[in-house]
Amino acid sequence: MQARNSLDRIATLDLLRLVAALAVVAYHYLFRGAAADGYLDVAFPAAAPFAIYGYLGVNLFFLISGFVIAWSAEGRSWQAFAVARFARLYPGFLVCMVLTWAVLAAANHPAMPVSTRQLVANLIILSPALGEPFVDGVYWSIVLEIVFYGWVTLAILAGVFSRLKLELVTAWLAICALNEFYLGSGALRLLFITEYGPLFAGGILVHHIFSRGRSPEAMMLLGASFMLSCSMLVVARGWMQQHYGVAAPLLGLVAANIAIHALLVAAIVLRDRVASTATVLALGSLTYPLYLLHQNIGYVAIGSLAPKLGAWTAALATLLVMLLLSWAVWRFVERPVRRGLLAALGPLADRLAGRIRKRIPRLAVD
């Protein structure tokens, strides 16, 4: 497989991220907004039966993340990996969270109240740990990403991520199955991401197969991760049925799960067919702020515009504004701040790694 380039990009994955983000946007705007909780007074009955599948865009994000993180971790020290993930995740989160809070505070929407205490708690992302809800509900998936990054960092620190990757994935899948089928522990579900672990693991395995070849062990594990990811679909489906009184048919969800796995494989197989141009880079990069910004701000915007423009025009106009705003966040905040953080935190992390080497000289920290 081609070496990681200086931009850490595969153009087809950038486009696939955009597909995942737009699927989630469609789910929130065209289905969830009017389905429950009083977010929207306007509905999209013709689109809702299709948009209901859009939440699987998050599953696609997790699958892509598994691949990208395995790729990003190759040849990196634990400190370089951790700094790169922090610089990638936090600046965008911070500006999008504060912007969302400001819009919600100004709108004073009854279904989406916010407080100053909530704003402060959300600065650490893990706001429920401080007894405050997320400013926007989509942040739950960012928490799972952080947990995943943490485990990968520890595995690199211990020197086992590349050397014992298949063994680690095997253990992880076993924990996922044990907890989801038998134990049902909420703590284990968060600590080991047991509901969505098979998706992250699937991405790791796809990277392993494309970079090291199709060994029987890797192919069997990929099949196991896929089957487990199919079985986990009933969890979210059950929640939706209980909360909204409607859910996508299980057969349709399994078909969609097959599709998102196939899309990841296709994106890797066809990676040389799409050039990593500035436009593709921008499209892939704006997906993170789009994901963070679109939901609650979008509900406020659609609710305000729909009486004047009509539901569909309001939704399309809101999407366009969200895309432009997301691009601006990436271009003028994320990208420059990330460069500064990498330059500032890199040396600090290297000094920390040096101290760890002195204290635990036998630990493989590189």
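Is Glu-180 buried or exposed? With a relative accessible area of 15%, Glu-180 counts as buried, because buried means under 20%. That is a good place to begin a walk through this structure, which is a predicted model. The points below go from charged pairs to the core, then to the rings and the surface.

1. **Glu-180 and its partner.** The side chain of Glu-180 meets that of Arg-189 in a salt bridge, with 2.5 Å from N to O. Arg-189 has a relative accessibility of 33% and counts as partly exposed. So here a buried acid is paired with a partly exposed base. A search of the whole structure finds nine salt bridges, and this pair is one of them.

2. **Lys-165 and Glu-74.** Another salt bridge to look up joins the side chains of Lys-165 and Glu-74, at 3.1 Å from N to O. Lys-165 sits in helix H7, while Glu-74 belongs to the loop between H3 and helix H4 (78–107), so the pair ties together parts that are 91 residues apart in sequence. As for cover, Lys-165 is buried, at 2% relative accessibility, whereas Glu-74 is partly exposed at 25%.

3. **A second link to Glu-74.** Arg-212 also forms a salt bridge with Glu-74, and the closest N and O atoms of this pair are 3.7 Å apart. Once more, distant parts of the chain are linked: Arg-212 is in helix H9 and Glu-74 in the loop between H3 and H4, 138 residues apart. Arg-212 is partly exposed, with a relative accessible area of 44%. Taken together, Glu-74, Lys-165 and Arg-212 are linked in a network of salt bridges.

4. **The nonpolar core.** The largest nonpolar core has 108 residues, and the members that touch the most others are Leu-13, Phe-148 and Trp-172. Helix H3 (residues 56–73) gives the largest share of this core, 13 residues.

5. **Around Trp-172.** If you centre your view on Trp-172, what does this residue touch? Leaving out residues up to four places away in sequence, its contacts are Phe-148, Phe-192, Ile-193, Gly-197, Phe-200, Ala-201 and Ile-204.

6. **Aromatic pairs.** The structure holds 21 aromatic pairs. One of them joins Phe-134 and Tyr-139 edge-to-face, with 6.0 Å from centre to centre and 75° between the planes. Tyr-139 is buried, its relative accessible area being 0%. In another pair, the ring centres of Trp-172 and Phe-200 are 6.4 Å apart and the planes lie at 20°, so this pair is stacked. The stacked pair links distant parts of the chain, with Trp-172 in helix H7 (residues 165–183) and Phe-200 in helix H9 (residues 197–212), 28 residues apart. Both Trp-172 and Phe-200 are buried.

7. **An aromatic cluster.** Which residues join Trp-172 and Phe-200 in one aromatic cluster? They are Phe-62, Trp-140, Phe-148, Tyr-149 and Tyr-196. Phe-148 deserves a second look, as it is also among the core residues named above and a contact of Trp-172.

8. **A nonpolar patch on the surface.** Turning to the outside, you will find a nonpolar surface patch of about 470 Å². Val-98, Val-120, Leu-123, Ile-124, Leu-126 and Leu-130 make this patch. Val-120 has its place in helix H5 (residues 116–122).

Terms used. Residues are numbered from 1 along each chain as its sequence is written. This is a predicted model: local features need pLDDT of at least 70, side-chain atom pairs count only at pLDDT 80 or more; totals for chains, interfaces and linings use all residues. Side-chain values use heavy atoms; hydrogens and water are left out. Patches are made of residues with over 30% relative accessible area and no salt bridge: like charges are joined within 9 Å, nonpolar side chains (Val, Leu, Ile, Met, Phe, Trp, Tyr) within 5 Å. Accessible areas come from the Shrake-Rupley method with a 1.4 Å probe; for residues, only the protein chains shown count as cover. A salt bridge is a side-chain nitrogen of Lys or Arg within 4 Å of a carboxyl oxygen of Asp or Glu. Helices (H or I, at least four residues) and strands (E, at least two) are DSSP runs, numbered from the N terminus. A nonpolar core is a set of buried Ala, Val, Leu, Ile, Met, Phe, Trp, Tyr and Cys residues joined through side-chain atoms within 4.5 Å. Buried means under 20% relative accessible area, exposed over 50%, partly exposed in between (1.4 Å probe, protein chains only). Contact means heavy atoms within 4.5 Å. Rings of Phe, Tyr and Trp (its six-membered ring) pair if their centres lie within 6.5 Å; planes under 30 degrees apart count as stacked, over 60 as edge-to-face and the rest as tilted.
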